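I opened the structure to look up its strands and helices. These are my notes, entry by entry.

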Amino acid sequence: MYQTKQSRITTVSAFKKELSSMNVEEPVVVTQNGEPLYVVRDPAQYEMQQEQMAFMKLMSFAEKDLKAGRTLSSNQLRSNLEKVLTNDGN
């Protein structure tokens, strides 16, 4: 997986001590007995990551549609939308 910066690693006890002043702009891995227990991130960064994952999922669906031939030209799309809009008004 691509990461721009190394995640910071800390123990549970150190995390508890630093919690009120901890910078979580980059993920912080909290360990217990040397094993990862939690990953703490900035809420804005978490939300951005969720949006990126949703976008990647949509791109995957689009790629599958292309391979399966489930596509429309822009003229076909425009025509279908016009039909929907005109039938919607009746």
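**Notebook: strands, then a helix**

I started with the pairing of β2 and strand β3 (residues 35-40), which is antiparallel over 5 bridges. I kept in mind that this is a predicted model.

I picked one pair from that ladder. Val-29 has Val-39 in β3 as its bridge partner.

Next I checked the hairpin of β2 and β3. It leaves 2 residues between the strands. There I found Asn-33 with a positive phi near 55°.

Is β2 mostly covered or not? I looked up the burial of residues 28-32, the span of strand β2, and 4 of its 5 residues are buried.

I then turned to the other partner strand. Strand β1 (residues 8-11) pairs with β2 in the parallel sense, over 4 bridges. I traced the connection between them: the chain leaves β1, passes through helix α1 (residues 12-18) and reaches β2. I logged this β-α-β crossover as right-handed. In the β1 and β2 pairing, I noted Thr-11 opposite Thr-31 of β2.

Last, I went to helix α2 (residues 43-68). How far apart are its end C-alpha atoms? I read 38 Å. With 26 residues at 1.5 Å a residue, the helix should span 38 Å, so the two values agree.

I looked at both ends of α2. At the N-terminal end, Asp-42 is the cap, with a side-chain oxygen 3.0 Å from the backbone nitrogen of Ala-44. Just after α2, I found Gly-69 with a positive phi of about 80°.

Conventions
Residues are numbered from 1 along each chain as its sequence is written. This is a predicted model: local features need pLDDT of at least 70, side-chain atom pairs count only at pLDDT 80 or more; totals for chains, interfaces and linings use all residues. Side-chain values use heavy atoms; hydrogens and water are left out. Buried means under 20% relative accessible area, exposed over 50%, partly exposed in between (1.4 Å probe, protein chains only). Two strands pair if DSSP finds at least two bridges between them. A crossover is right-handed if, with the strands pointing away from the viewer, the path from the first strand over the helix to the second runs clockwise. The expected span of a helix is 1.5 Å times one less than its number of residues. A polar contact is a pair of N or O atoms within 3.5 Å; within protein, one must be able to donate a hydrogen and the other to accept it, and residues adjacent in sequence count only if both atoms are side-chain atoms.
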